[in-house]
Amino acid sequence: PKVTLINPDDSRIDLDVEVGDSIMRAATAAGIEGIVGDCGGGMSCATCHVVVLDDAYLAKTPEMSLTEDQMLDFTAMEREPNSRLSCQLVMSEEMDGMVVRVADPQL
Ligand code: FES
């Protein structure tokens, strides 16, 4: 399955993410600048912030844990209603075609 990332400069990247792999892992492996993933997916760095564009897709993503919810208060760019930590967005077939905006680290 594929996810489309929209970078802060509005460029778009289609990324293959294997089922069971997180979007953070696939994005860092592909060298996407805006997704750093300092903590390796441990929900302690908040450098993997993305915003899911479509509510219908948000409903297909793994449920947000309390820890993720709390960490989203510490992101560089202020959180939005559809903000997620991409290390917690573990890919499933259902999520194929999802579009996410990469948080702007300058904000
Ligand atoms: Fe650190 Fe997601 S990679 S919080």
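**Exercise 1. Decide whether Methionine 43 is buried or exposed, and describe its backbone.**

Step 1. Methionine 43 is buried, with a relative accessible area of 18%; buried means under 20% relative accessible area, exposed over 50% and partly exposed in between, using a 1.4 Å probe and protein chains only.

Step 2. Place it in the chain: Methionine 43 sits in the loop between helix 1 (23-29) and strand 3 (49-52). Helices (H or I, at least four residues) and strands (E, at least two) are DSSP runs, numbered from the N terminus.

Step 3. Now the backbone. Most residues other than glycine have a negative phi. Methionine 43 is not a glycine, yet has a positive phi of about 60 degrees.

A word on the model: it is predicted, so local features need pLDDT of at least 70 and side-chain atom pairs count only at pLDDT 80 or more, while totals for chains, interfaces and linings use all residues. Residues are numbered from 1 along each chain as its sequence is written, and side-chain values use heavy atoms, with hydrogens and water left out.

**Exercise 2. Do the same for Alanine 46: what are its phi and its relative accessible area?**

Step 1. Alanine 46 has a positive phi of about 60 degrees, although it is not a glycine.

Step 2. Alanine 46 is buried, with a relative accessible area of 8%, and lies in the loop between helix 1 and strand 3.

**Exercise 3. Which residues does Leucine 85 touch?**

Step 1. Count a contact when heavy atoms are within 4.5 Å.

Step 2. Leave out residues up to four places away in sequence; Leucine 85 then touches Met43, Ala46, Cys48, Glu68, Met71 and Leu72.
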